[in-house]
Amino acid sequence: MIDWITAIVPCEGAGELAGGKILCVDADGQVEWQSNRRLSVEGSYSSKFQVKADDQQRLWISGNPSKFLQGHSVFGSNDLKQLVLLLMIELTDRLQLEPSSDNFYAWQAGNYDLKCVDIAECFRLDSSSLVENWIRSAAPLARGKHQGVSAYGGETIYVGQKSRRISLKIYNKGKEILKHKPDKNLPCYHKLIEYAQGLLRVEVRLHSQELKRRDLNKAAQWAPSICTKILEERIGRLEMPKKMRLTATEISKLPPRLVGAVKLWEAGNDLRSIYPRATFYRYRGELKKYGIDISAPPRTESNVVPLVTYLTAEHQADIPEWAVGTELIACA
């Protein structure tokens, strides 16, 4: 699904927006430059979109089209052009603008520039706890080809987080929706919350440079199949071993002083409660060089998760039948 868009879209009357201006004034009181301020436009379910007019009858727009149109981003559409068309119709109506017929044609055809696009997909695991185990287990082991991997609190994995071109993010969608709950007036609200539990979320962000490199900086060049292709490509570049427990051969390669710690950890012990603080963190630093993070929850046979298994088309979460025909889906 399309999870975020920043674009510059043609729109008659855009210059008339009264959002105010930002001025830069020199020491003599002369205006060096000025820029229109952004406006926050609120959707039907309190999801906001940022807009700003320029002097060429265009709107700079940025936000999550799925949240703005549907009130949530648990599932949605890969049809970028259709989403932006519906989005622009809603935005111009709320801003009381009167776009021309040429504007409508441009929106339908995708004749506008894209500056940033987020693509997302959810994979169904059996439970939210299994999702958390997957992330915590994958975090110290994941590797990105030519990109750094970072993890936060055992809850989120980033690949190329600070990249100006492309980045990947993996997290627990069920936990996120409980933390940032959608509007309770949404149809099937409780079903939506329940459905999100057990979803592993993968998001790919393409910045302006990457969009240009892929010849995807014009919306006209997009098709729904492109989203699937890019997600599969980035997931395919994420290197993770298929198992998580070390074999006897692998353990034998560790320095003798660390073997006991690893065996205790794999037996399910929390090493913080066994070793002095200084020793624990020294061992942790040394073992990270071997792809082992003893600060993660103790791994037992019950929570060993095959890392790659769930990131396949077989486990992609489909749009639920109870959502079809409701406002929860912007593009039918």
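For the counts below, Ala, Val, Leu, Ile, Met, Phe, Trp, Tyr, Cys and Pro are nonpolar, Asp, Glu, Lys and Arg are charged, and the others, Gly among them, are polar.

**Figure 1. The lining of the largest pocket, by residue class, in a predicted model.** Charged residues number 15 in this lining. Another 10 are polar, and six are nonpolar. In total, 31 residues line the pocket. The space inside comes to about 690 Å³.

**Figure 2. The centre of the largest pocket and the elements around it.** Tyr158, Lys169, Tyr171, Glu176 and Glu203 are the lining residues nearest the centre. Two helices, H4 (128-138) and H5 (173-179), each give at least two residues to the lining. Strands E1 (2-10), E10 (156-159), E11 (166-172) and E12 (199-207) each do likewise.

**Figure 3. The largest nonpolar core.** This core holds 57 residues. Leu59, Ile61, Leu80, Leu114 and Trp222 touch the most other members. Helix H2 (residues 80-94) provides the largest share of the core, seven residues. Another core lies apart from this one. That other core has 16 residues, including Ala196, Ala323, Leu328 and Ile329.

**Figure 4. Close-up of isoleucine 61.** Leaving out residues up to four places away in sequence, which residues does isoleucine 61 touch? Ile5, Thr6, Ala7 and Val9 are among them. Phe49, Gln50 and Val51 also touch isoleucine 61. Leu87, Met88 and Leu91 complete the set. Isoleucine 61 is itself one of the core residues that touch the most other members.

**Figure 5. Close-up of isoleucine 294.** Isoleucine 294 sits in the segment after helix H11 (277-288). Is this residue buried or exposed? Isoleucine 294 counts as buried because its relative accessibility is 2%, and the cut-off for buried is under 20%. Beyond residues up to four places away in sequence, isoleucine 294 touches Trp265, Leu271, Phe280, Tyr283, Arg284 and Leu287. Alanine 261 is 33 residues from isoleucine 294 in sequence. In space, their C-alpha atoms are 8.7 Å apart.

**Figure 6. The whole chain, as context for the close-ups.** The protein chain has 11 helices and 13 strands. Of its 332 residues, 48% are buried. Consider contacts between residues at least 6 apart in sequence: 68% of them join residues at least 24 apart. The accessible surface is about 16,900 Å². Carbon and sulfur atoms account for 47% of that surface.

Note on methods:
Residues are numbered from 1 along each chain as its sequence is written. This is a predicted model: local features need pLDDT of at least 70, side-chain atom pairs count only at pLDDT 80 or more; totals for chains, interfaces and linings use all residues. Side-chain values use heavy atoms; hydrogens and water are left out. On a 1 Å grid over the protein atoms alone, a cavity is a set of points where a 1.4 Å probe fits but cannot get out, and a pocket is an open set with protein on both sides within 12 Å along at least five of seven lines; lining residues have an atom within 4 Å of a point. Grid points are joined across faces, edges and corners, and a volume is the space filled by probe spheres set on the points. Helices (H or I, at least four residues) and strands (E, at least two) are DSSP runs, numbered from the N terminus. A nonpolar core is a set of buried Ala, Val, Leu, Ile, Met, Phe, Trp, Tyr and Cys residues joined through side-chain atoms within 4.5 Å. Buried means under 20% relative accessible area, exposed over 50%, partly exposed in between (1.4 Å probe, protein chains only). Contact means heavy atoms within 4.5 Å. Accessible areas come from the Shrake-Rupley method with a 1.4 Å probe; for residues, only the protein chains shown count as cover.
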